[in-house]
Amino acid sequence: MDFSMCVKNKLLELISNAEKKREHFVKNPGKDFSRDRKLTFSKTLFLIISMEAQTLKKELFKLFNFSADTPSASAFCQQRAKIKLSVFYYLIRSLDIYFQKETYKGHPLAACDGTDLALPMEQGNTVYNCRRKKNQKDYFQIHANAMYGLVNRRYPDIVTEPKKENNGRKTFMTMLGHRNFQEGTIFVMDRGYEGMALLT
């Protein structure tokens with residue numbers, strides 16, 4: 001199964017579990033979502049999470065397959081107001097715990113690498129200003145170093161710095177200091193990060 005489908009299926013399962021114990025996640029237990037409505041607790045949650053850049057009306061039509069009796073935007077806003085923010089903490093934490101369990105022979109695997117990202121032109125910006133040759137126009141770049149979990153496919157850390165100040169070894173040491181990774185993690189990186197400080 002594709003990893004994205006695995007995440008989606010787990011999320012749908014967690015939403016279903018949250019609905020079974022919705023009394024913990026609504027503002028008025030025993031009253032909110034007690035009546036049979038088209039916008040159930042789980043459908044309201046799913047729409048909040050899956051909404052894209054369309055208008056609320058279009059998102060509702062898409063969720064209800066463009067049915068003539070699609071609930072109104074006002075009805076959605078009323079249902080949304082009944083849900084506590086704690087349900088999203090529950091979903092995020094449960095997903096995090098579920099996917100962090102995956103390891104390679106008991107060891108989490110993480111890769112670290114960097115890439116240059118272009119920034120919009122900004123006159124007078126000397127920090128991110130770069131120039132290849134004297135006769136070329138200035139350009140602006142930032143260097144991002146990211147730590148990526150190879151088994152659970154998460155980014156536990158990222159550090160950015162101006163392109164001209166790029167120092168992979170120093171940045172990786174900074175990420176190690178953040179300790180946003182599990183104990184026993186095996187790191188994979190290219191030779192731009194190697195150094196005696198990392199081998200001792």
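These legends accompany close-up views of a predicted model.

**View 1. Helix H1 crosses helix H2.**
Here we look at two helices, H1 (residues 3-20) and H2 (residues 41-50), whose axes come within 9 Å of each other and cross at roughly 140 degrees. H1 and H2 are therefore oblique to each other, since an angle has to be over 145 degrees to count as roughly antiparallel. The crossing of this pair is right-handed. On the H1 side, the residues to pick out are Leu-11, Leu-12, Ile-15, Ala-18 and Glu-19. They meet Phe-41, Ser-42, Leu-45, Phe-46 and Ile-49 of H2. Sorted by class, the residues of this contact comprise eight nonpolar, one polar and one charged.

**View 2. Ala-18, a buried residue of H1.**
Let us stay with H1 and zoom in on Ala-18, which sits in this helix. The relative accessibility of Ala-18 is 0%, so Ala-18 counts as buried; the cut-off for buried is under 20%. What does Ala-18 touch, leaving aside its neighbours within four places in sequence? Its partners are Phe-25, Phe-41, Val-87 and Tyr-90. Phe-41 is also among the H2 residues that meet H1, and Val-87 and Tyr-90 bring in helix H5 (86-100). For a sense of scale, the C-alpha atoms of Ala-18 and Asn-65 lie 24 Å apart, with their positions 47 residues apart in sequence.

**View 3. Helix H2 packs with helix H3.**
Now we follow H2 to another partner, H3 (56-63). The two pack at an angle of about 125 degrees, and their axes are 11 Å apart. That angle makes H2 oblique to H3. As H2 passes H3, the crossing is right-handed. H2 contributes Lys-43, Phe-46 and Leu-47 to the contact, while H3 contributes Glu-59, Leu-60 and Leu-63. By class, the residues here are four nonpolar, no polar and two charged. Phe-46 is worth a second look: this residue of H2 takes part in the contact with H3 and also in the contact with H1.

**View 4. Met-51 in the loop between H2 and H3.**
Met-51 is found in the loop that links these two helices. Is Met-51 buried or partly exposed? With a relative accessible area of 31%, Met-51 is partly exposed. Not counting residues up to four places away in sequence, Met-51 touches Leu-56, Glu-59 and Phe-76. Glu-59 is a residue we have already met, in the contact of H3 with H2. Farther afield, Cys-130 is 79 residues along the chain from Met-51, and their C-alpha atoms are separated by 38 Å.

**View 5. Lys-84 in the loop between H4 and H5.**
This view turns to the loop between helix H4 (73-80) and helix H5 (86-100), where Lys-84 has its place. Lys-84 has a relative accessible area of 34% and is partly exposed. Beyond its neighbours within four places in sequence, Lys-84 is in contact with His-24, Phe-25, Val-26 and Lys-27. Phe-25 will look familiar as a contact of Ala-18. Ala-68 is 16 residues from Lys-84 in sequence, and the C-alpha atoms of the two are 30 Å apart.

**View 6. Two cysteines, Cys-77 and Cys-112.**
Our final view compares the settings of two cysteines. Cys-77 has 30% relative accessibility and counts as partly exposed. Cys-112, at 2% relative accessibility, counts as buried. How many disulfides are there, taking cysteine sulfur atoms within 2.5 Å as the rule? The count comes to zero.

Terms used
Residues are numbered from 1 along each chain as its sequence is written. This is a predicted model: local features need pLDDT of at least 70, side-chain atom pairs count only at pLDDT 80 or more; totals for chains, interfaces and linings use all residues. Side-chain values use heavy atoms; hydrogens and water are left out. Axes are lines fitted to C-alpha atoms, for helices over the stretch in contact, and angles run from 0 to 180 degrees between N-to-C directions. Helices (H or I, at least four residues) and strands (E, at least two) are DSSP runs, numbered from the N terminus. Angles under 35 degrees count as roughly parallel, over 145 as roughly antiparallel, 65 to 115 as roughly perpendicular and the rest as oblique. A crossing is left-handed if the near helix is turned anticlockwise from the far one by less than a right angle, and right-handed if clockwise. Contact means heavy atoms within 4.5 Å. Ala, Val, Leu, Ile, Met, Phe, Trp, Tyr, Cys and Pro count as nonpolar, Asp, Glu, Lys and Arg as charged, and the others, Gly among them, as polar. Buried means under 20% relative accessible area, exposed over 50%, partly exposed in between (1.4 Å probe, protein chains only). A disulfide is a pair of cysteine sulfur atoms within 2.5 Å.
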